[in-house]
Amino acid sequence: MMEQKKRIYLDYAASTPMDERVIQIMLPYFAQIFGNSSSVHFGGQAAEAAIEQARKTIAGLINADPEEIIFTSGGTESDNLAIKGVAFARRRDKGCNHLLISPVEHPAVLQSARQLSEVFGFEIEYLPVDSFGRVDPSEVAVRLRPDTALVSVIYGNNEIGTINDIASIGNLCRAKGIPFHTDAVQAAAHLPIDVVRESIDLLSIGSHKFYGPKGVGVLYVRKGIHILPMITGGAHENNLRAGTHNTPYIVGLAEAFRLTQTELAQRSACMTLIRDMLIKGVLEKVSGAHLTGHPSERLPNHASFVFEGVDGNTLLMMLDVAGFACSSGSACKSGTPKPSEVLLAIGLSPGLALGSLRVTLGVDTSEEDIQSFLGVLPSLVEKCRSLC
Ligand SMILES: Cc1ncc(COP(=O)(O)O)c(C=O)c1O
């Protein structure tokens with residue numbers, strides 16, 4: 001019998017496996033407590049009680065009020081609702097037309113802003129970022145205008161792992177009364193979040209990045225911030241997001257987030273050690289390798305590189321054949337030969353940006369996994385170079 005080759009998953013920023021404890025908590029809500037949360041009878045009441053408990057749990061974890069939590073279909077919808085919802089409301093209420101966003105946002109933010117600009121005539125201004133992809137808060141301060149509808153800066157970057165100084169940017173926006181959104185889809189899996197301390201007005205979360213189900217997320221909207229709904233219909237979610245609640249997924253999201261936030265310190269300490277071993281190993285063993293993103297102010301599970309003279313997608317395929325699942329830049333872009341916008345925004349040449357590799361760790365990643373990875377990477381990079 002041929003021995004089965006071990007497969008090692010190193011793409012936890014793209015998605016995570018569900019936590020068994022989360023699956024167990026969700027199960028009764030598929031076939032036993034299945035009522036529509038809007039129904040008045042006992043079946044509806046039971047579903048509604050579960051949803052309201054989930055809302056309370058999530059609110060408590062980020063220092064929000066339960067009424068400030070809106071359930072969505074995931075990070076992408078949360079970002080869309082935040083950007084478009086606020087832009088349209090601020091235009092209607094105050095005539096605001098100016099969007100201030102970083103150029104290293106996830107496409108869910110970038111494309112939402114671009115649609116607002118191309119179809120609805122909003123003006124987009126991109127904040128400068130340094131070579132690590134960080135936004136300097138003082139650059140935000142000088143660009144805030146009376147007609148600024150919204151500022152959006154990503155919390156923890158999905159492609160390069162860099163963490164932004166969200167609290168300072170939030171404080172500046174708050175002082176001028178301008179709504180501040182942050183995409184915390186990656187950060188929520190690894191960092192404590194306090195929307196009061198960090199002066200956040202809107203915050204996006206997606207459950208499948210922290211061992212919860214796919215297709216469910218949260219948008220936190222601070223009381224007093226007006227948004228127009230993007231999905232209209234019934235009065236769900238305080239009239240801000242219509243549609244029958246997905247009770248099992250909402251219950252699963254809350255439990256996954258609770259477990260993640262409770263186990264954060266321990267998970268982060270383990271992953272940081274392994275991540276740093278990985279980064280050191282790659283930079284030492286692979287010639288022409290460069291780390292992308294900040295060396296220390298980065299997500300604890302995140303390592304990302306560019307390799308000179310390498311096609312990132314070819315390298316990804318070779319790694320896959322060798323049994324390693326990684327990513328090149330954002331998961332949404334894998335397979336597209338265009339260089340990542342994020343890597344260009346931090347000043348890399350298009351050629352170098354095409355040689356990117358993202359390796360992201362999870363709670364199950366071991367030192368041995370990383371040693372195996374380091375055992376094959378240098379020769380695969382050389383093989384890739386020989387093909388160019
Ligand atoms: C930073 C960031 N924002 C938004 C999203 C989209 O989230 P979802 O997959 O839940 O739609 C992702 C997913 O990769 C992400 O990393």
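**View A. Asp183 and its counterpart across the strand pair.** In this predicted model, Asp183 sits opposite Ser204, a residue of strand E7. The two strands to look for here are E6 (residues 180-183) and E7 (residues 202-206), which run parallel and are joined by three bridges. Strands of a sheet pair through backbone hydrogen bonds, in either a parallel or an antiparallel fashion.

**View B. The open sheet, from edge to edge.** Step back from that strand pair and you can follow seven strands in the order E2-E8-E7-E6-E5-E3-E4, an open sheet with mixed pairing. Strand E2 (69-72) and strand E4 (123-126) stand at the edges; each has a single partner strand, so one side of each is left without a neighbour in the sheet. From one strand to the next, the twist averages 20°.

**View C. Helix H7 lying across the sheet strands.** Here helix H7 (residues 166-176) lies across strand E5 (148-152) and E6. Compare the directions of the helix and E6: H7 runs at about 160° to that strand.

**View D. Helix H5 and what it packs against.** Helix H5 (residues 107-120) has 14 residues, which at 1.5 Å a residue should span 20 Å; its end C-alpha atoms are 18 Å apart, in agreement with that expectation. Which residues of H5 are buried? They are Ala108, Val109, Leu110, Ser112, Ala113 and Leu116. These buried residues pack against H4, strand E3 (98-101), E4, E5 and E6. Just after the helix, look for Gly121, whose phi is positive, near 75°.

**View E. The shell around the ligand.** How many residues surround the ligand? There are 15, and the closest are Gly74, Gly75, Thr76, Asn158 and Gly206. By type, the shell divides into nine polar, four nonpolar and two charged residues. Helix H4 (residues 75-94) gives the most to this shell, contributing three residues.

**View F. Ser328, a loop residue.** Our last close-up turns to Ser328, found in the loop between strand E11 (324-325) and helix H12 (341-345). Is Ser328 buried or exposed? Ser328 is buried, because 27 other C-beta atoms lie within 10 Å, and 20 or more are enough for a residue to count as buried. If you would like a landmark elsewhere in the chain, try Asp130: Ser328 and Asp130 are 198 residues apart in sequence, and their C-alpha atoms are 21 Å apart in space.

How values were computed:
Residues numbered from 1 in each chain as written. Predicted model: local features only at pLDDT ≥ 70, side-chain atom pairs only at ≥ 80, totals over all residues. Near = placed C-beta within 6 Å. Helix = DSSP H or I, 4+ residues; strand = E, 2+ residues; numbered from the N terminus. Nonpolar A, V, L, I, M, F, W, Y, C, P; charged D, E, K, R; others polar. Pairing = 2+ DSSP bridges. Axes fitted to C-alpha atoms, helices over the stretch in contact; angles between N-to-C directions. Contact = placed C-beta atoms within 7 Å. Buried ≥ 20, exposed ≤ 12 C-beta atoms within 10 Å, placed from the backbone. Expected span 1.5 Å × (residues − 1).
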